[in-house]
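Here is a short report on one protein chain. Please look over the sequence and the model before reading on.

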Amino acid sequence: VLQHYFIQSNLRMTPPAMELCVGLDKGHKVTKLPKREKPSQRKGKRSKRVKLIRDVVREVSGFSPYERRVMELLKVNRDKRALKFCKKRLGTHKRGKKKREEMIACLQAQRKAQAAQA
């Protein structure tokens, strides 16, 4: 029992890290430099330029026929049917959910614009 207590008390009273050749913290002590951000860390993050370009394209070209149909389904509160339709057209559940949310946001923006206009 005394040995166990002695070992524990020794662990708590370890000296500050030194340049030892052995052990977990072996080797010359240096200050670590902050890591630079890798390009892969910002993959998928939308820049201002890309956002502007996509907004202009959306404004000029409008919505595709399937997007208009999704918006009609959402107007009559058929959210689940809209998701199923998006999923069928886009291939995956995740893409379908994302497109449905995008269409909901577009509808809200249109309603907001109409309210401001009136």
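Among contacts in the protein chain between residues at least 6 apart in sequence, what percentage join residues at least 24 apart? The share is 37%. Keep in mind that this is a predicted model.

## Overall build

The protein chain has five helices. Strands number zero. Read from the N terminus, the order of elements is α-α-α-α-α.

Of the 118 residues in the protein chain, 15% are buried. The chain exposes about 11500 Å². Carbon and sulfur atoms supply 57% of that area.

## The nonpolar core

The largest nonpolar core holds twelve residues in all. They are Phe63, Tyr66, Val70, Met71, Leu73, Leu74, Ala82, Phe85, Cys86, Met103, Cys106 and Leu107. Three elements each give two or more residues to this core: helix H3 (65-75), helix H4 (79-90) and helix H5 (93-117). H3 provides the largest share, with five residues.

Cys106 is one of the core residues. Set aside its neighbours within four places in sequence, and Cys106 is in contact with Phe63 and Met71. Both of these partners belong to the core as well.

## A buried lysine

Lys99 is found in helix H5. Is its place buried or exposed? Lys99 counts as buried because its relative accessible area is 11%, under the 20% cut-off.

Which residues does Lys99 touch, leaving aside neighbours within four places in sequence? Its contacts are Arg58, Tyr66, Glu67, Cys86 and Leu90. Among them, Tyr66 and Cys86 are members of the largest nonpolar core.

## Cysteines

A disulfide is a covalent bond between the sulfur atoms of two cysteines. How many disulfides does the model contain? The count is zero, taking cysteine sulfur atoms within 2.5 Å as the rule.

Two of the cysteines sit in opposite settings. Cys86 is buried, with a relative accessible area of 0%. Cys21 is exposed, at 72% relative accessibility. That value puts Cys21 in the exposed class because the cut-off is over 50%.

## A surface patch

Where the chain meets solvent, there is also a nonpolar group to note. Leu52, Val56 and Val60 form a nonpolar patch on the surface. Together they have about 310 Å² of accessible area.

Val60 lies in helix H2, which spans residues 48-61. Why does Val60 count as exposed? Its relative accessible area is 71%, and exposed means over 50%.

Note on methods. Residues are numbered from 1 along each chain as its sequence is written. This is a predicted model: local features need pLDDT of at least 70, side-chain atom pairs count only at pLDDT 80 or more; totals for chains, interfaces and linings use all residues. Side-chain values use heavy atoms; hydrogens and water are left out. Buried means under 20% relative accessible area, exposed over 50%, partly exposed in between (1.4 Å probe, protein chains only). Helices (H or I, at least four residues) and strands (E, at least two) are DSSP runs, numbered from the N terminus. Contact means heavy atoms within 4.5 Å. Accessible areas come from the Shrake-Rupley method with a 1.4 Å probe; for residues, only the protein chains shown count as cover. Patches are made of residues with over 30% relative accessible area and no salt bridge: like charges are joined within 9 Å, nonpolar side chains (Val, Leu, Ile, Met, Phe, Trp, Tyr) within 5 Å. A salt bridge is a side-chain nitrogen of Lys or Arg within 4 Å of a carboxyl oxygen of Asp or Glu. A nonpolar core is a set of buried Ala, Val, Leu, Ile, Met, Phe, Trp, Tyr and Cys residues joined through side-chain atoms within 4.5 Å.
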